Amino acid sequence: MLISLPKSIGQLQSLKSLVLSDNILTSLPDEIGNCNLESLLLENNSLCRLPLSLALLKGKLTQLDVSRNDEQLQTTLPAQIHQDAQSILWLLALQREKTHCIETLKTDVKLLQHQIHSSSAALAEAKQKIASELEQKKKALEDDFESVRYFLTFRYLCRELRRKALELWQSVRRACAKKYSERQAKAQVDAV
């Protein structure tokens, strides 16, 4: 049973078919992408990933089987495509492109970090200006809030005053009506 493959396997340019099934391989060397393989059988091993260099075999490799390998490979490559060479190579090509993009992004991030570091004084000044503007807006909002609070308090007091005035007017009206009724009753009694 094989545990690993030598890196020198990439020198076998005339190698067309490689059967590595039923071993305990955990990885493949990147150099395997230098071979001109048409068939690569890797089922029933312990592979957790495939080298991105296999994407170089796109168009040459027609048979690839990675079924029954490590669980991590199962999550990277869905079980439905473990015997579909074109799909696997397509995914590896995407991963290889993604890796290249990530490296490019890392370089861009380093450049941006350098630019950010070099302009830290301007950033601190802008930060101070923003903090000052925010403090002014906060003060204005607090003043507006205080004005609204006074307005609402005044409106409440006006409504209370109106309600009490209405109650007083109604009680005076009832008292007047009662007095008027009493006078009418007395006037009728006096008239009789």
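## Surface and burial

The chain has an accessible surface of about 14,400 Å², and carbon and sulfur atoms account for 59% of that. Keep in mind as you look around that this is a predicted model. Of the 192 residues in the chain, 21% are buried.

## Overall layout

Let's start with the building blocks. The chain holds 3 helices and 3 strands, and if you walk along the sequence you meet them in the pattern β-β-β-α-α-α. Is the chain a compact globule, or more spread out than one? Its radius of gyration is 44 Å, while the globule rule gives 16 Å for 192 residues; the value for the chain is well over that, so the chain is more spread out than a compact globule.

You can put dimensions on this too: the C-alpha trace spans about 140 × 55 × 30 Å along its principal axes. As for contacts between residues at least 6 apart in sequence, 32% of them link residues at least 24 apart.

## Along helix H3

Helix H3 runs over residues 120-191, and Ser171 is part of it. Try finding Ser171 and Leu123 in the model: they sit 48 residues apart along the chain, and 71 Å separates their C-alpha atoms. Is Ser171 buried, partly exposed or exposed? With a relative accessible area of 31%, Ser171 counts as partly exposed, because that label covers values between the 20% and 50% cut-offs.

## The nonpolar core

Now for the inside. In soluble globular proteins, nonpolar side chains tend to be buried together. Here, the largest nonpolar core has 25 residues, and the ones that touch the most other members are Leu40, Leu42 and Leu50. Helix H2 (residues 85-118) supplies the largest share of this core, with 4 residues.

Which residues does Leu50 contact, once we ignore its neighbours within four places in sequence? The list is Leu28, Leu42, Val66, Leu73, Leu77, Ile88 and Leu92.

## A nonpolar patch outside

Some nonpolar residues are out on the surface instead. Met1, Ile3 and Ile24 make up a nonpolar patch there, and together they have about 360 Å² of accessible area.

Take Ile3 as an example. Where does Ile3 lie relative to strand E1? Ile3 is in the segment before that strand, which covers 17-19. Ile3 has a relative accessible area of 57%, so it is called exposed, a label that needs over 50%.

Definitions and conventions
Residues numbered from 1 in each chain as written. Predicted model: local features only at pLDDT ≥ 70, side-chain atom pairs only at ≥ 80, totals over all residues. Heavy atoms only, no water. Core = buried A, V, L, I, M, F, W, Y, C linked by side-chain atoms within 4.5 Å. Buried < 20%, exposed > 50% of the residue type's maximum accessible area, 1.4 Å probe, protein only. Helix = DSSP H or I, 4+ residues; strand = E, 2+ residues; numbered from the N terminus. Contact = heavy atoms within 4.5 Å. Patch = residues over 30% accessible without salt bridge, like charges linked within 9 Å, V, L, I, M, F, W, Y side chains within 5 Å. Areas by Shrake-Rupley, 256 points an atom, 1.4 Å probe, with all protein chains shown as cover. Salt bridge = Lys/Arg side-chain N within 4 Å of Asp/Glu carboxyl O. Rg over C-alpha atoms; globule rule 2.2 N^0.38 Å.
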